[in-house]
Structure formats: structure tokens, C-alpha cells
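Okay, thanks everyone, let's get going. I'll put the sequence and the structure up now, and then we'll walk through it together.

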Amino acid sequence: MAYLDEAPFAAQAITVTPFRPPTAPIWSSGRRLSALWVLAALSPQTVAARLRALAADHTVLQSAA
């Protein structure tokens, strides 16, 4: 988390806590995962389109419940 400036968060009394994946075998590569990879691999436009589609599906599922 060396890239993160915690000062603006501290000024608002927000504690920054790093995500630490569990140590179970299924999570062995968890420390290498990043949302930035998704943006680089798919493009911001594709990620946004997929998030909009998920949000629309969620809305449909909520209204059906």
C-alpha cells in the first residue's frame, strides 16, 4: 500500500486497513489480484458496461423478490 496517501483519510477520521486474503490454499494467489488488472485487460469502457449490466440485473432481481 505504498502508493496510498493515508493523510486525507486520517483527516476525516477514517482508518485505512489493507485487505489481507486468507491463507487457505484457494487464496494462494490472492495477493496478486487487483482491480487495476481488470481495467488494463478489459478497458475502462468494458468494465463500466459490465457493471451497468450487473446493476440492471440486480434491479430486475430485486423487483421480482
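Start with Leu 33, in this predicted model. Is Leu 33 buried or exposed? Its relative accessible area is 61%, and the cut-off for exposed is over 50%, so Leu 33 counts as exposed. You'll find Leu 33 in the loop between H1 and H2. And it has company: Leu 33 forms a nonpolar surface patch with Phe 19, Ile 26 and Trp 27. Together those residues put about 520 Å² of accessible area on the surface.

Let's zoom out to the whole chain. We're looking at three helices and zero strands, so if you read along the sequence you get α-α-α. How much of the chain is buried? Just 5% of the 65 residues. The chain exposes about 5,900 Å², and 65% of that is supplied by carbon and sulfur atoms.

Now helix H2, which runs over residues 35-42. How many of its eight residues are buried? Zero, so H2 lies largely in the open.

Next, backbone angles. As a reminder, most residues other than glycine have a negative phi. With that in mind, have a look at Ser 43, just after H2. Ser 43 isn't a glycine, yet its phi is positive, near 95°. Ser 43 sits in the loop between H2 and helix H3, which covers 44-64. As for cover, Ser 43 has a relative accessible area of 23%, so we call it partly exposed.

There's another one, Ala 13. Again we have a residue that is not a glycine, with a positive phi of about 60°. Ala 13 belongs to the loop between helix H1, residues 7-11, and H2. Ala 13 comes out at 71% relative accessibility, so this one counts as exposed.

Before anyone gets attached to details, a word on confidence. The average pLDDT over the chain is 81, and 86% of the residues score at least 70. Which element has the highest mean pLDDT, and which the lowest? H1 takes the highest, at 94, while H3 has the lowest, at 80. And the usual caution: where pLDDT is low, predicted coordinates shouldn't be read in detail.

So, to recap: three helices, zero strands, 5% of residues buried, and a nonpolar patch on the surface that includes Leu 33. Okay, over to you.

Key:
Residues numbered from 1 in each chain as written. Predicted model: local features only at pLDDT ≥ 70, side-chain atom pairs only at ≥ 80, totals over all residues. Heavy atoms only, no water. Buried < 20%, exposed > 50% of the residue type's maximum accessible area, 1.4 Å probe, protein only. Helix = DSSP H or I, 4+ residues; strand = E, 2+ residues; numbered from the N terminus. Areas by Shrake-Rupley, 256 points an atom, 1.4 Å probe, with all protein chains shown as cover. pLDDT = per-residue confidence, 0-100. Patch = residues over 30% accessible without salt bridge, like charges linked within 9 Å, V, L, I, M, F, W, Y side chains within 5 Å. Salt bridge = Lys/Arg side-chain N within 4 Å of Asp/Glu carboxyl O.
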